[in-house]
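User: I should like to learn how aromatic contacts and charges over rings are read from a protein model. Please work through the structure shown here.

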Amino acid sequence: MSQPGIPASGGAPAGLQAQNGAASASGSLYSNGPVQNALMSSQVSVSEGYNSQLPGSYPHLIPAKTLNPVSGQSNYGGSQTVSPLSNYQGPGQTLYRPPVASNPVTPSLHSAPVPRMPLPTSHNPATTPMPSGSFLPGANVHPPLNWQYNYPSTGSQTNHCPPASSQPTISGNTNLTSHQYVSSGDPSFQNNFIKSGIASNTNNGSMVVHNSYDEIEGGGFLATPQHTNKNPTMSRSVGYSYPSLPPGYQNTGPPSTTGMPPSSLNYSSGPQGFTQTPLGANHLAASMSGLSLHPEGLRVINLLQERNMLPATPLRPPVPNLHEDIQKLNCNPELFRCTLTSIPQTQALLNKAKLPLGLLLHPFKDLVQLPVVTSSTIVRCRSCRTYINPFVSFLDQRRWKCNLCYRVNDVPEEFMYNPLTRVYGEPHRRPEVQNATIEFMAPSEYMLRPPQPPVYLFVFDVSHNAVETGYLNSVCQSLLDNLDLLPGNTRTKIGFITFDSTIHFYSLQEGLSQPQMLIVSDIEDVFIPMPENLLVNLNESKELVQDLLKTLPQMFTKTLETQSALGPALQAAFKLMSPTGGRMSVFQTQLPTLGVGALRPREEPNQRSSAKEIHLTPSTDFYKKLALDCSGQQVAVDLFLLSGQYSDLASLGCISRYSAGSVYYYPSYHHQQNPVQVQKLQKELQRYLTRKIGFEAVMRIRCTKGLSIHTFHGNFFVRSTDLLSLPNVNPDAGYAVQMSVEESLTDTQLVSFQSALLYTSSKGERRIRVHTLCLPVVSTLNEVFLGADVQAISGLLANMAVDRSVTASLSDARDALVNAVIDSLSAYRSLVLSNQQPGLMVPFSLRLFPLFVLALLKQKSFQTGTNARLDERIFAMCQVKNQPLVYLMLTTHPSLYRVDNLSDEGALNVNDRTIPQPPILQLSVEKLSRDGAFLMDAGSVLMLWVGKNCGQNFLSQVLGVQNYALIPQIMTDLPELDTPESARIIAFISWLREQRPFFPILYVIRDESPMKANFLQNMVEDRTESALSYYEFLLHIQQQVNK
């Protein structure tokens, strides 16, 4: 999370209210808050800021579980015995679920083994390639090794066979069926809890959610019966193109925060003055012929000759090939991005390209400018409930045509008046039609209950192990420092629970002279001892809360209690919060050992490096079931795991994944032995506690008729076929969806996508944040390739690979990643290139595709041959699923800079600071030199490697030492020296840190430092003991493509 005292980028005007009403540490105010007397106000909020309003959702929609008094276990309707493999529905939530046969049929996709990436000779492959249809011993159906981009029909059990007449089969077919993420476990469990859309007819009685969410986001009680675009034909067999993928996002460059030019693409944020000739599909195509493609986009590159294609500046997203009048109104790619900026006209064309079609979203990102509209009428299509947006067409002043379903709608009388120009009769100039990103203040029909108050419950592990780490001191101090900055208002509530082998509640009733501790030792049948005084109004009981936070760290210092009853503590916390909803923050330091949810160690250190990873799935479904109960009561759970030992994050992480929470992991946290982790926790907690938050939120994504969404990725629960339940939504979470072309798009030249996030702000306002993206439709394969967004594709493939690792195996996921490259480049070679040349020919748009996939294979989630701890691997996978694309890409392919010769040439000026912009270097030891210093930005960590012969000037002016030998073995801070060299590098590092919501630790590394191995591990282009170099990888790809 970002650093504490960083001023809002661009310094928000002092007169605007904080998004959460909280002033930042730096004193500037943020906005997005209540709109004063204006129908529409363009408000400023902090970039990556600490604002706090988030989307909301509604109350008791899922029946609360009934606790069995005897066992304390949860009872859900239906038998719930679950095989371990069947309860990980985490990663991709799939919408089509064929009924699972009692004796599963082996898919017959390719009978021959798929070409596997050769390992360097020094490494003996752990397994021989399995035929695509084989079974994992004792597990579920083994999905085919290659991803089949199929969209199964609901009827058949093994939709893995493409029709014989379809396009040529290319070696190493990259195919992923959407239902491969569904393991064949107990059907009753799947029907209830599959993380993908749950259609009511597939639910067991206990989980049918009769809620009015659909009616609400679908338009309230006045809406016509057709709720939101649900792609009614979803269940029919939809061709077999690339499956869509998980959530990657935004541009590779750091997000436009503190002082970057907004991705250097001019995405306007404020209202645009635009003379609208009606801008609809009918007109938009008119000037499509003036294609604004960069000439370089047409280049074909032989990667074996030109493999050093990494640009020296952050890679920008491709600009869709649209008329400039449309493009200037388009959604910023940092918020909404598609893997293909030119949408194929038919599924057959998409199948031929062998590229995945999907969207990557960062819907609640902190924005520097956000237009907010207050109006009694929110104009929406009467048929599909799309919000009016810049890409609709006005047939005349009184009628507009929806850009998603093409229905003609009447313009309401109120919409005829433009509050900005104060002119009547110009509906096309209204802010709603001039901004692709806009926020509405929602009227009462968008509420199922009065907006909930902000409720924050903190659950602390206080066992001996926890007290040893010293984490309570840091967390309680952070809470004390930020208590007044918690997003909220006079209704804000707060509460605390601590636990070891028993559960401790704290009464903070107004009038008590000190907090009162209540202990519940019966963990088999947890109850709430005093429901009314455990969650208290923060303003009324602030002094008691402060007293408790000051005394908590000392209360358990002498404890000898080593057990951990995490499961019962979570049940108690859920009971306490379920009447209101809110955010539960859980701090855990070990494997839970007592009561429900107790876990056993599963990690076998000697198996760490094998590709046959066996413990990526949860060992119990307790945490997932509890998370679904939480989701039904609008409670999200954030898990902070501070542990040096194995804690089974694969199981514990489910509590956050399905409740729309987040996981934070601090391996080997110790206040004395690992002080840098203390600094990291404090910085990230400050961001966590003060950033904006939305409660009781739901999100729906709509797309133009003919397109359909079939799989979602991220942390949430899919409540109906296309409605994501987000009990909390935060500005640092990313999502992704996979799509298919269900009906031919021959009649249109443009398609649009719209996400709508309905939430309750921390101030108790119901708001709707809408983003709309418009893209051209193309009819040739060459145009599809020209518009490919290589970062978005890589992000989506990473999400798919996490799913594949869990449902099949790590080696399967790795093979599928490699095959994704082979298949798309084979298709390009055989179907687009007219003359077959030797070498590895790629379109300019995919010039970095092999490099990014190789980087993914070496990323902690998917690497082999290293001693990555199992929890660290699982955490990396959680990050893939939940991070916006820009951060995922940085973790996957770090940025390397030479920093011993920084200059002001080409520097940015940010808030009167000069930020040097050194060129980005390739990740190869060839780029290092012993007489320089190199900074690697790997997202969550910064490493400054200083060469043995580095100049004396750098050593003294930046590191403050007289010679190389005096650089400390462990150095995690640069001294602030009064030299221009020191000022430049500190400004550069601070600026990098400001770009992200987490705090990267800086390590200064000498040649003999133990951290040097980590630094070299990130040199993606070099060969390692268990992975190919970039050149060897390209040779392997070429060999497969040219078969």
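Analyst: The dialogue below takes aromatic pairs and then charges over rings. The model is predicted: local features need pLDDT of at least 70, side-chain atom pairs count only at pLDDT 80 or more, and totals for chains, interfaces and linings use all residues. Residues are numbered from 1 along each chain as its sequence is written, and side-chain values use heavy atoms, with hydrogens and water left out.

User: How many aromatic pairs does a search of the whole structure find?

Analyst: Rings of Phe, Tyr and Trp (its six-membered ring) pair if their centres lie within 6.5 Å; planes under 30 degrees apart are stacked, over 60 edge-to-face, and the rest tilted. Here the whole-structure search gives 23 aromatic pairs. The F458 and F460 rings are stacked, because their centres are 6.4 Å apart and their planes lie at 20 degrees.

User: Are F458 and F460 buried or exposed?

Analyst: Buried means under 20% relative accessible area, exposed over 50%, and partly exposed in between (1.4 Å probe, protein chains only). F458 and F460 are both buried.

User: Which residues do ring pairs link into a cluster?

Analyst: The cluster joins F458, F460, Y471, F496, F587, F640, Y664 and Y688 through ring pairs.

User: Which charged residue sits over the ring of F364?

Analyst: A charge sits over a ring if NZ of Lys or CZ of Arg is within 6 Å of the ring centre and within 35 degrees of the ring normal. The charged end of K692 occupies this position over F364, 4.5 Å from the ring centre. Likewise, R847 lies over the face of F844, at 3.9 Å from the ring centre.
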